[in-house]
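User: I am new to reading structures, and I would like to understand how the labels given to residues are justified. Could you take me through some of them step by step?

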Amino acid sequence: MAALSTELQEITDKLWGRSRLLIALLIMAFALILAKAIGVLPEWLNRIPEAAIPPTAQVLDAIFNFIQNELGIIYVTRFIAEGPLEFLLDTSGNLLEGKRRWPYLGPIPWSAIAVVAVVVGYALGGWRLAALGGGTFIWTAVIGQWKMAMQTMSVIVVSAPLAFLMGLTLGVAAWKYRWFERMMKPILSVLQTLPFFTYLLPAVIFFKVGPTAGAVATITFAIPPMILMTTLGLKKVSPEVIEAGHMSGCTRWQMLSHVYVPAARTEILVGVNQVIMLCLAMVVLTAFIGMPGLGAKLLAMMGSFKLGRSFEIGVTIVLLAVMLDRMSKAWVVKQPVHFERGTPWWKRHQVSLIALVLFIGFTLLSQVFPILAEVGRKQHLSQGKEIDVVIKSFLAIDAIKGTTEWLRWFLNVKVLIPFRNTLLAIPTPAFILLVVSFSYWVGGRRPGIYAAVFFTVVAFSGWWDRSVITLYTVISAVALAAIIGIPLGVVAARSSRWSKSILLACDTAQTFPSFIYLIPAIMLFGVNDVAVVFSILIFAAVPLIRYTIIGLSSVPPEMTEAADMSGSTRRQKLMSVQFPLALPTMAVGFNQAIMFSFFMVIIAAFIGTQDLGQELQRTLAGTELGKNFVLGLNVSLMALTFDMAISSWAEQRKKRLGLD
Amino acid sequence: MRASTPVISARNVWKLFGPSPERYLKSLSAIRSFDEIRADGYIAGVKDVSIRVDRGEMLVIMGLSGSGKSTLVRCFSRLHSITGGTIEVDGQDIMKLSERDLIELRRNKMGMVFQSFGLLPHRTVLENVAFPLEMRGQDCPERRERALEVIKLVGLDGREDYFPRELSGGQQQRVGIARSLAIEPDIWFLDEPFSALDPLIRREMQDEFLRLQEMLGKTIVFITHDFDEALRLADRIVIMRDGSVEQCDSPDQIVMKPATEYVAKFTEDIDKARVVHANVLTKPVNGHVLEGAPINGGSTIHELARVLVNDNRILLPVANDKGVVTGVLERNAALNVLLGAE
Ligand SMILES: Nc1ncnc2c1ncn2[C@@H]1O[C@H](COP(=O)(O)OP(=O)(O)O)[C@@H](O)[C@H]1O
Ligand SMILES: [Mg+2]
């Protein structure tokens, strides 16, 4: 008890020292705001004048130009694009969707792929996964989306292995060389917060429009988690296994290939799972540079408000995502099992053999029954129009319509627009001061300094207003998500059965490509600001709910029991025991929600926003690399500011509570 | 046996952990205690240790956890590079070996068994045992044959295709032992090989180990923190504390003549009669008149308890294995040991 009180004393001392600076910062900010309100603020203190903004975009353009043309990098990249990469994409394209390229064998009949999925699913996780694998492919074929789905898959089957190999190599390098790891760390955090559109344009310019650019952008986006997981796994190999390797006389190379990498299998496979999921999410988004596939079709259908077809495509994408996720996760936990001695070879390779036989069998069968090879235009069972009618008439029911319209009106007029206008009215320096105060208050000195630097850079980028609008969307969506998500998490955490099923739902929802979240938003609210906030809201609510449940249910039972024995009510227990202990974990969820929102807000640009995303999307049509980069960096810097503040808070907090 | 060249000879070996240990060690002029070194920001894993391991002997290193046992053995096999001093293996300074030579040394001369087994989880028993052979490039049928041989030796035949995960702790350690024996090493290091096992299994494994040792006759460095285990196995015992050696002697000497307070305290609770052999208490004949049947010098006092209690001679003749009388035993001194009155 005494220790606790001295600690409290310490904390208050620290807070007091901190709060003096904080108060100073806030007073400055409010002075600026007040000055503007009574009209004495000079304009150059309100917004950075045009003249003072450095021509960053032009300079970057010049640099890119130099790299591209003078250094001749573009020849190298184009060579890769037109050579090996295109070759791989053509091959997979031929096999899966029947593109007229070497080896001129495809398309593989859908039924043959479906049976292989059944066998693989069974081998990895029994009948449930078998049903999921087969069901996904049967649905895709029968609903008439086979070709689109295979266009998407043909990019994934090339991108994922390449991203895996590169991530593995870089991960090994980062583990081996400390300087490389230290260099990679900041780059990786920027890469992970950079909006996907920022990857797309350089990919198009350096690697030619079309599947190659899509694949390159996808690969680049999917590499960072693979690097992190590889390094993590290699660091975790038990020292005795390493020593056993040395004592067995391994050379350096043998150590790596025979000891480290196999022993880090679990983490590396988790990396594989993440690579696959990111590849799927990104390939769908390459629709924005005109890549054909599920994403492109979804984009087109949503654009023309064909809700039925959008819904069906959404289901296909979700099924693919869940199938890929479950199968790769099942692979992670699958441990090798021995065969009894004297097991004949065909029994040892039973699964591969059955898959092969069925594959050949169905390929041959499909020669006889063409429907097994391809479900034709007139044969598919798509109910797009009918679903469309159902959804639209459902939405047109008075009560529903009344509710959504009232919500739209309320959110727009009472919440969103006033909030946006307030944020836009704040003078730039005051805004920066407010953000710095927040970071300093939450995370301490370092995050505070970074916030100051990052937001000043944003202010001088020349895109201040759009950045503020981006931030406004993120803040509104996360705030609304917290209002809905946290109570939901708290309620769910009360019973272990509920928390289990909600956690499962959250995990599943997190595997959906972000694009999917636009569908319900557009369905309910049409194409406008509220739909944007709503789509981000559901996307961001998932991690909030998830980490609230995890945080609350990982509070050690002896602590809650102690609270019970002290005669606290449920509410007191929640407020004074469970929340404080769960807060660091919940902060992780909060952080993720903010990062997801920054990601989503850019994607949502296509609904029609006025933020950075909108400008970013416009650059995709042109060749303004510099501008594209500046816009992307703005998003990244804002996201990193919050990331640093919140993670630093969670870490300090965890340390103080002795959790970990 | 002592006369032949030692297999391992360590002289003034230091192993310090910390930011720049070499420089720090050079700056040490006077002797500093473990705690003083720690106050300077370094940990003395091994502190000025000189030891020799003779061919064919079983040296047991003992001490509390954190006393530097593992570190010392890892210096012998150069899993750690030492900070100061020299270690020679078969007359060769191992700190001077190139990477290539070091790998050769480990591939041909050294085997090691680890406390938590250190098995490769993705390999079957057979593949684990054959691993060192594979690393040195032996071809498949040959290494398979040798691996099967060692697996049989440790009593795991029939389990070749199992994965470590599918075996019990004791069985896993048998795999570890088999792997370390696959290359027929000259020197065998065992770092608390049985500590992670249940007491019953531990006993069984010790018996098994003694059987192997009798059969193979290797030079062994064995680490344990269990005194009973040490006494059961050792030719000589090294007692370590805070990185330095407190005493290095035969079990009898450690029990009868502890060199320091610490060792005395350490051996306090031991039933000395079970450790001390008649030989150790034997005095030269010096013209004493001897009568009656001699006792065997190789027996422990505990084994002689019945004779000692029932006999009424003051002096008992002591004979070696061949029946030749080598000295006399004062019955009273022996009874003191037996009754713990010493
Ligand atoms: N790699 C290392 N880095 C720093 N300190 C170490 C390292 N390895 C061992 N030590 C320290 O050296 C001392 C001896 O450890 P160790 O040899 O493992 O003891 P034992 O095997 O007798 O339990 C301990 O204080 C331990 O903390
Ligand atoms: Mg140890």
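User: How many disulfides does the structure hold over all chains?

Analyst: In this predicted model, the structure holds zero disulfides when all chains are taken into account. A:Cys250, for instance, is in no disulfide, and the nearest cysteine sulfur, which belongs to B:Cys140, is 17 Å away.

User: Why is B:Cys75 without a bond to the closest cysteine sulfur, in B:Cys248?

Analyst: A disulfide requires a pair of cysteine sulfur atoms within 2.5 Å. The sulfur of B:Cys75 lies 16 Å from the one in B:Cys248, and therefore the two are too far apart for a bond.

User: What makes A:Cys250 count as buried?

Analyst: Buried means a relative accessible area under 20%. A:Cys250 has a relative accessibility of 4%, so this cysteine counts as buried. By the same cut-off, B:Cys75 is buried because its relative accessible area is 1%.

User: Where is A:Cys506 found, and why does A:Cys506 count as buried?

Analyst: A:Cys506 is found in helix 22 of chain A, which covers residues 496–511. Its relative accessibility is 6%, and because the limit for buried is under 20%, A:Cys506 counts as buried.

User: How do you know whether A:Lys378 is buried or exposed?

Analyst: Exposed means over 50% relative accessible area. A:Lys378 reaches 81% relative accessibility, so this lysine counts as exposed. A:Lys378 is found in the loop between helix 16 (350–368) and helix 17 (384–396) of chain A, and on the surface it gathers with A:Lys297, A:Lys306, A:Arg377 and A:Lys385 in a patch of positive charge.

Methods. Residues are numbered from 1 along each chain as its sequence is written. Chains are lettered from A and ligands numbered from 1 in the order in which they are written. This is a predicted model: local features need pLDDT of at least 70, side-chain atom pairs count only at pLDDT 80 or more; totals for chains, interfaces and linings use all residues. Side-chain values use heavy atoms; hydrogens and water are left out. Patches are made of residues with over 30% relative accessible area and no salt bridge: like charges are joined within 9 Å, nonpolar side chains (Val, Leu, Ile, Met, Phe, Trp, Tyr) within 5 Å. Accessible areas come from the Shrake-Rupley method with a 1.4 Å probe; for residues, only the protein chains shown count as cover. A salt bridge is a side-chain nitrogen of Lys or Arg within 4 Å of a carboxyl oxygen of Asp or Glu. Lys and Arg count as positive and Asp and Glu as negative; His and the chain ends are not counted. The place of a charge is taken as NZ of Lys, CZ of Arg, CG of Asp or CD of Glu. Helices (H or I, at least four residues) and strands (E, at least two) are DSSP runs, numbered from the N terminus. Buried means under 20% relative accessible area, exposed over 50%, partly exposed in between (1.4 Å probe, protein chains only).
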